[in-house]
Amino acid sequence: MIVEPTAPLPVPLTVRAARGVEALQRRVLTLPARRLLQLALGMIWLLDAALQFQPYMFSRSFVTGIIEPTAAGNPRAVAHSITWVAHLLLHHLVPFNVVFATLQLLVAIGILYAPTVRPALAASIGWAVLVWWFGEGLGGVLAGNTPIMGAPGAVILYAVVAVLVWPDGRELTGPGEGSREPTAFGGLIGRRGALLVWLALWGGLAWLLLLPGNRSPSAMGSMVAGMAGGQPGWVRSVETGLGRILVHHGTEVSLILAALCGLVALGVWFRPTLGPALVVAVQIGAAFWVCEAFGGIFTGAGTDPNSGLLLILLACCYWPVRTRPDAVRSGAVRAATPAHAVR
C-alpha cells in the first residue's frame with residue numbers, strides 16, 4: 001500500500017504572531033545601546049510629526065496660542081524675532097505647517113533607518129535649535145520659566161540627545177566583558193563635554209527653581225492646576241489634585257527639587273554616585289512630565305511631549321553599559337585588513 005504524503009498543518013496565526021514578537025524581542029535586545037537610544041529619539045520625533053499634523057496646527061490658534069505667547073518676558077531682540085515669524089506664519093500657515101510636519105517625519109524616518117542616521121541626527125540638531133528659538137522662545141529660560149512647565153525647552157533637549165548618541169563606530173551592548181561606560185561619553189563632544197552639558201543642564205534647572213517667581217508658596221500649585229484645561233478626565237483629575245496639594249507648599253517643594261537637581265548635576269562626575277544620581281534624575285523627569293500634563297499630547301493641541309520625557313531619555317544616555325572589547329577589536333581588524341585579503 002502506498003501512503004500519500006500529507007501536507008503540513010498550517011501554523012495558527014496566533015502562533016506565528018507570537019514567534020514574530022519573540023524574534024523581534026531577540027533582535028532588539030541584541031542592538032547596541034547607542035542604537036536603542038537613537039531609536040527612542042526617532043520615535044519621539046515621529047510622535048512630534050504626528051502631533052504637527054493635527055487639525056489645530058493648521059489653525060490660527062496654533063500661532064496665536066502657542067508661538068506668540070513665547071515672546072513674553074524675553075529680551076527685546078528675541079521677542080521681536082518671534083513676533084516677526086508669527087506674523088509670517090499667519091499669512092502662509094497651511095504650507096508652512098505641512099513643511100514643518102513633513103520635515104519632522106523625515107527626521108524621524110532618517111533616525112530610525114540606520115544607514116541615514118548621521119544626516120538625520122544632524123538635521124534634527126539644526127531644526128531643534130530653530131524651533132527652540134522661534135517656537136519655544138528659548139524655552140523661557142531668559143523669561144524665568146520654571147522646569148515644571150518645560151524649561152529649558154523640550155526641543156533643545158532633542159539636540160542634546162542627538163549630540164550624545166551620535167554614532168561613534170563602537171559596539172556598546174548589554175551584559176558582556178569590558179569596562180562600563182555611559183553611551184554619552186562616546187558622542188560628538190566626548191566625556192568631558194558630556195559631563196559639562198549635564199552639569200549645565202541640571203545646575204540650570206536648580207537655578208530656575210530658586211527664582212523668586214517660581215518658589216513663591218502658591219506659584220507651583222497654580223501652574224500645575226492650570227494645566228488641567230482641555231485635558232481628558234484622568235489627566236485633568238491628576239493635575240487638579242496635584243495642584244491642590246502644591247498650592248500651599250510651593251516654596252518647600254521648589255527648594256527640595258532645586259537641591260535634588262544640584263545633587264544630580266554633581267553626581268555623574270563620580271563613579272560611586274553615578275547610578276543613584278541617574279535614578280533620581282529619572283524620577284525628577286517623571287515628576288516634571290506629570291506636572292506638564294504629558295506635554296498636552298492628549299488635548300489635540302500639543303506639539304511635543306515636553307521636557308520631562310526628554311530628561312528621562314537623557315539620563316539613559318548617561319547610564320553605564322558594558323563595552324565589548326572583542327567587537328571593538330574585530331572592527332579595528334576589519335578596518336585595517338585590505339579588502340582583497342577578506343575571503
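Where does Thr 70 lie? Good morning, everyone, and let's begin right there. Thr 70 sits in the loop between H3 and H4. Before I go on, please keep in mind that this is a predicted model.

So, is Thr 70 buried or exposed? Thr 70 counts as buried, because its relative accessibility is 17% and the cut-off for buried is under 20%. Thr 70 also has a partner from elsewhere in the chain: Glu 136 is 66 residues away in sequence, yet the two C-alpha atoms are separated by 5.8 Å.

That pair brings us to the pocket. Thr 70 and Glu 136 are among the residues nearest the centre of the largest pocket, together with Ile 66, Gly 135 and Thr 303. In total, 48 residues line this pocket, and the space inside comes to about 1,300 Å³. Which elements give two or more residues to the lining? They are helices H2 (33-52), H3 (60-67), H4 (76-91), H5 (93-112), H6 (117-134) and H7 (154-164). For those of you thinking about the chemistry of the walls, the lining splits into 23 nonpolar, 21 polar and 4 charged residues.

Let me stay with helix H3 for a moment. Gly 65 is found in this helix, and Gly 65 is partly exposed, with a relative accessible area of 43%. Now look across to Ala 301: it is 236 residues from Gly 65 along the chain, and their C-alpha atoms are separated by 9.5 Å.

Next, some backbone geometry, which I know this group enjoys. Which peptide bond is cis? It is the one from Ala 151 to Pro 152, with omega near 10°. Pro 152 belongs to the loop between H6 and H7.

Then there are two positive phi angles to show you. Ala 293 has a phi of about 55°, although Ala 293 is not a glycine. You will find Ala 293 in the loop that runs between helix H12 (271-291) and helix H13 (307-317). With 0% relative accessibility, Ala 293 counts as buried. Asn 306 has a positive phi too, near 70°, and is likewise a residue other than glycine. Asn 306 is placed in the loop between H12 and H13. Asn 306 is buried, because its relative accessible area is 14% and buried means under 20%.

Moving on to Ser 307, we enter helix H13. Ser 307 counts as buried, at 1% relative accessibility. How many residues separate Ser 307 from Leu 157 along the chain? The answer is 150, while the C-alpha atoms of Ser 307 and Leu 157 are separated by 7.3 Å.

Let's turn to helix H10, residues 233-246, where Arg 236 lies. Arg 236 is partly exposed, with 41% relative accessible area. From Arg 236 to Ala 225 is 11 residues in sequence, and the C-alpha to C-alpha distance is 8.4 Å.

My last stop is on the surface. Which residues make the nonpolar surface patch of about 370 Å²? Leu 196, Leu 199, Leu 266 and Phe 270 make it. Of these, Leu 266 lies in helix H11, which covers residues 250-267.

If you remember one picture from today, let it be the largest pocket, with its 48 lining residues and with Thr 70 and Glu 136 among those nearest the centre. Thank you all for listening!

Key:
Residues are numbered from 1 along each chain as its sequence is written. This is a predicted model: local features need pLDDT of at least 70, side-chain atom pairs count only at pLDDT 80 or more; totals for chains, interfaces and linings use all residues. Side-chain values use heavy atoms; hydrogens and water are left out. Patches are made of residues with over 30% relative accessible area and no salt bridge: like charges are joined within 9 Å, nonpolar side chains (Val, Leu, Ile, Met, Phe, Trp, Tyr) within 5 Å. Accessible areas come from the Shrake-Rupley method with a 1.4 Å probe; for residues, only the protein chains shown count as cover. A salt bridge is a side-chain nitrogen of Lys or Arg within 4 Å of a carboxyl oxygen of Asp or Glu. Helices (H or I, at least four residues) and strands (E, at least two) are DSSP runs, numbered from the N terminus. On a 1 Å grid over the protein atoms alone, a cavity is a set of points where a 1.4 Å probe fits but cannot get out, and a pocket is an open set with protein on both sides within 12 Å along at least five of seven lines; lining residues have an atom within 4 Å of a point. Grid points are joined across faces, edges and corners, and a volume is the space filled by probe spheres set on the points. Ala, Val, Leu, Ile, Met, Phe, Trp, Tyr, Cys and Pro count as nonpolar, Asp, Glu, Lys and Arg as charged, and the others, Gly among them, as polar. Buried means under 20% relative accessible area, exposed over 50%, partly exposed in between (1.4 Å probe, protein chains only).
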